[in-house]
Amino acid sequence: MSALFSTLSFQLGQLVNMIDDGSIGLPEIQRPFVWKKTKVRDLFDSMFRGFPVGYFLFWKNSSAGAKQIGVATHQLPTDRMIVDGQQRLTSLYAVLKGVPVIDENYARSKIEIAFNPSEATFAVTSAAHRRSAHWIPDISVLWDQKVGLFSLVGTYIERLKQEQEVAPELQRTIENNVQQLYKLNSYSFTAIELSADTEPEAVSDIFVRINSAGVELNQADFILTLMSVYWDAGRKELEAFCRAAKMPDPGRPSPFNHFLDPSPAELLRVTVGYGFRRGRLRSVYNLLRGKELDDAGVAAGAKNFETLKQAQDKVLSLSNWHQFLHSVMLAGFRSGRLITSTNTILYSYVLFLIGKIQHEVPLQKLKVIIAKWIFMSAITSRYTGSYETQIEADLNRLGQAETSDAFAEILERIIGENLTEDFWNIALPAQFETTASRSPTLYAYYAALSLLKARVLFSPMTVSDLLDPAVRGDRLAVERHHLFPVAYLKANGIDAARDIDQIANFALVEWPDNASIGANPPAVYATALMASLSPDERERQSFWHALPDDWMNMPYAQFVSERRKKLAAVVRAGFERIGSAEPESGSEPHAKDLHQLILAGESTLVEFKSTARWSLNDGKVHDGVEFAIARTIAGFLNTSGGTLVIGIADDGSVVGLQHDYATLKKKDRDGFELFLYDLLSNALGKNALSWLQVAFHSIDERDVAVVTVKRSPNIVFTNPRGPKVDDVYVRFGNSTRKLTPAEMLQYMSETGTGGPSQSDASRETADEVESAEGELEAASSG
């Protein structure tokens with residue numbers, strides 16, 4: 001059997017030049033630069049002293065010498081890709097060239113290493129090193145062709161002479177040490193080069209066997225490496241999206257969310273699943289690589305890269321991304337803390353994209369069925385274990401669908417096949433027999449409580465509100481409470497953690513209640529707390545929190561056994577509520593109902609706007625028009641919900657959205673929806689977006705947008721562009737008006753989460769709205 005590798009030798013300067021001309025692929029994204037700068041300092045110190053500092057492992061590129069796959073961005077075809085030693089080579093290249101690197105947070109920063117020529121010592125550069133005459137604060141300057149080495153040494157010595165006497169012997173030492181440091185570009189490295197025919201699995205195995213500190217490489221590493229070499233712009237776009245998804249960026253459209261903090265490798269799985277209908281990355285790697293060495297194989301690789309590019313465009317579309325996240329919210333999950341399987345979210349996004357783009361399933365219908373899929377996948381651990389095999393099986397079944405209805409029916413059928421009567425009545429109660437704090441079963445229960453609008457035990461606050469990820473204090477607002485306290489159980493001879501800490505012994509309470517309950521027996525604390533509730537509220541609390549009749553006096557073993565069954569019943573009730581909990585104003589109208597809604601005219605629950613940003617009066621984009629939209633939706637959120645139809649004039653005539661489309665970068669429904677969510681996020685806050693949905697209909701061949709708004713459980717404050725004012729708007733009749741400070745205080749005091757009463761609102765009529773509001777309304781045409 002022929003050897004899989006050969007041994008080569010390279011000088012450092014040669015490696016740097018090969019990176020520059022592209023013949024070595026140095027992919028920043030394969031793993032972000034995570035070495036500490038002290039390790040880079042030690043690397044240069046070891047090289048300076050002539051110590052060995054390791055080797056490089058390269059993988060010969062099968063298409064080198066033929067054609068590059070994709071669009072060439074370097075001078076030469078890439079001969080080899082680095083498999084091991086990337087951090088070391090990145091460090092060397094970054095310092096010799098003086099270029100920034102990408103860190104683990106995807107931020108760009110320079111590696112600055114200081115050198116003391118008098119003592120031949122290295123340090124990570126600090127402000128003190130920059131001030132000191134004893135240090136060259138950044139050794140990158142030695143290899144800068146614009147700076148002469150002789151001039152650099154002369155300047156250093158002259159500066160040092162201002163602080164101390166420089167004897168001839170010291171001057172020679174300085175000159176020799178700087179020259180020795182400069183000559184590191186001739187330092188010789190050994191490289192092991194794997195042949196182009198080596199399979200990815202063998203490359204990964206070799207990497208692990210020869211690198212005791214290594215982490216096994218996976219197929220995503222290889223595909224991301226190919227992207228770095230052949231489609232650098234796409235790699236950077238993917239990287240930027242992942243960075244923005246975990247860092248809020250107020251005032252600009254962003255993928256930031258509270259559910260998923262994706263890595264490039266994770267979103268790559270979505271792209272591959274959507275673009276190639278594959279779950280296994282190995283087959284896609286081979287497609288992209290163009291395994292054959294002839295022109296036909298390379299051409300196939302180029303074609304498949306184009307497929308990858310088109311798929312990534314859809315995956316990274318902010319409109320698609322946020323519409324999908326609505327499904328996560330519809331499934332009851334309030335934050336990423338309740339999601340134990342990232343794969344569940346990733347692969348559900350794949351199905352969402354296929355349903356929306358390929359099969360054109362109506363968006364609101366799609367959101368609901370994907371929400372059910374997410375809930376089912378989470379509670380059955382569908383995408384754990386052999387997840388690539390499972391998603392491929394799902395994609396194969398969905399490949400049979402030829403229409404939008406067939407696509408939805410297949411998903412519903414799979415959901416039904418998994419959530420059977422036996423699952424609800426036997427398997428699910430058994431899943432609650434665990435002490436795992438991050439159990440998908442437990443988090444599905446919390447999601448169900450959110451869907452059921454359940455209140456925390458012994459509290460008027462809803463579970464959904466207290467699990468809100470946007471609200472954080474020194475201590476979590478809601479805590480898990482032992483219904484049978486630990487001290488009480490131990491006093492009764494039950495002291496094993498596997499018994500005490502069962503899921504069935506926990507309930508969610510506000511932390512002040514948890515602290516006050518202490519070690520009191522349930523017959524004492526629960527009887528007193530339940531007595532403060534009305535009979536109806538006690539009944540609801542008992543259902544939400546799965547409390548058996550007379551549970552406080554039950555033997556503990558009987559209690560947890562009975563409660564597991566009731567917990568499963570609550571989870572089922574929550575699942576069955578997905579998509580059925582509509583706002584008081586009714587669900588989003590279908591096209592056939594929209595005509596009737598328009599004919600009925602504006603009301604407390606319905607309002608029309610001709611445009612969302614284009615002033616028909618002024619013939620230009622107007623802030624007042626945009627704010628009128630935000631103000632109306634805020635009024636619905638703070639009162640009883642409602643429906644805003646954009647593209648319809650006050651008299652019911654169809655204006656359409658073409659005026660607004662013309663002002664947008666993306667002049668279609670997706671562009672308008674992205675603009676609208678951005679507008680409302682800035683004016684009302686991101687949390688408000690959870691309570692509204694946007695749909696589009698065509699009337700007389702003109703698009704109109706229908707915004708269906710639920711009543712918000714919390715006060716929604718409104719801020720136009722400019723200074724923060726935190727105004728509160730409510731609906732009165734068929735208009736929206738701002739509360740005075742006194743009314744707002746009364747509103748917060750009396751209702752807490754709802755809108756003001758009709759008597760409160762009637763103190764002023766719509767004609768008495770402040771003049772500033774009148775000016776904003778005048779700018780709008782509807």
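The pLDDT is the predictor's confidence in each residue, given on a scale from 0 to 100. In this predicted model, the protein chain averages a pLDDT of 83, and 84% of the residues score at least 70. Two stretches fall below 50: one covers residues 64–75, which in the model nevertheless has 30 contacts beyond near neighbours in sequence, and the other covers residues 753–782, for which 65 such contacts are found. Where pLDDT is low, the predicted coordinates should not be read in detail, and the contacts listed for residues 64–75 and for residues 753–782 are reported here with that reservation.

Taken as a whole, the protein chain contains 33 helices and 19 strands. Of its 782 residues, 52% count as buried, while the area that the protein chain exposes comes to about 34200 Å², with carbon and sulfur atoms supplying 50% of it. Among the contacts in the protein chain with a separation of 6 or more, 73% are accounted for by residues 24 or more positions apart.

Towards the start of the numbering, helix 1, formed by residues 12–21, is mostly covered, with 7 of its 10 residues buried. These buried residues are Leu-12, Gly-13, Leu-15, Val-16, Met-18, Ile-19 and Asp-21. Helix 1 is followed by Gly-22, a residue whose phi is positive, near 90 degrees.

A packed pair of helices was examined next. Two packed helices are described by the angle between their axes and the distance between the axes. For helix 16 (residues 387–398) and helix 17 (residues 404–418), the angle is about 135 degrees and the axes lie 10 Å apart. Helix 16 is therefore oblique to helix 17, since an angle has to be over 145 degrees to count as roughly antiparallel. On the side of helix 16, the contact involves Asp-394, Arg-397 and Leu-398, which meet Phe-407, Ile-410, Leu-411, Arg-413, Ile-414 and Glu-417 in helix 17. The residues of this contact divide into 5 nonpolar and 4 charged, with no polar residue present.

Further along the protein chain, Ser-681 is found in helix 30, which spans residues 669–684. With a relative accessible area of 13%, Ser-681 is classed as buried, because the cut-off for that class is under 20%. When residues up to four places away in sequence are not counted, Ser-681 touches Lys-686 and Leu-689.

How values were computed:
Residues numbered from 1 in each chain as written. Predicted model: local features only at pLDDT ≥ 70, side-chain atom pairs only at ≥ 80, totals over all residues. Heavy atoms only, no water. Helix = DSSP H or I, 4+ residues; strand = E, 2+ residues; numbered from the N terminus. Buried < 20%, exposed > 50% of the residue type's maximum accessible area, 1.4 Å probe, protein only. Contact = heavy atoms within 4.5 Å. Areas by Shrake-Rupley, 256 points an atom, 1.4 Å probe, with all protein chains shown as cover. Axes fitted to C-alpha atoms, helices over the stretch in contact; angles between N-to-C directions. Parallel < 35°, antiparallel > 145°, perpendicular 65-115°, else oblique. Nonpolar A, V, L, I, M, F, W, Y, C, P; charged D, E, K, R; others polar.
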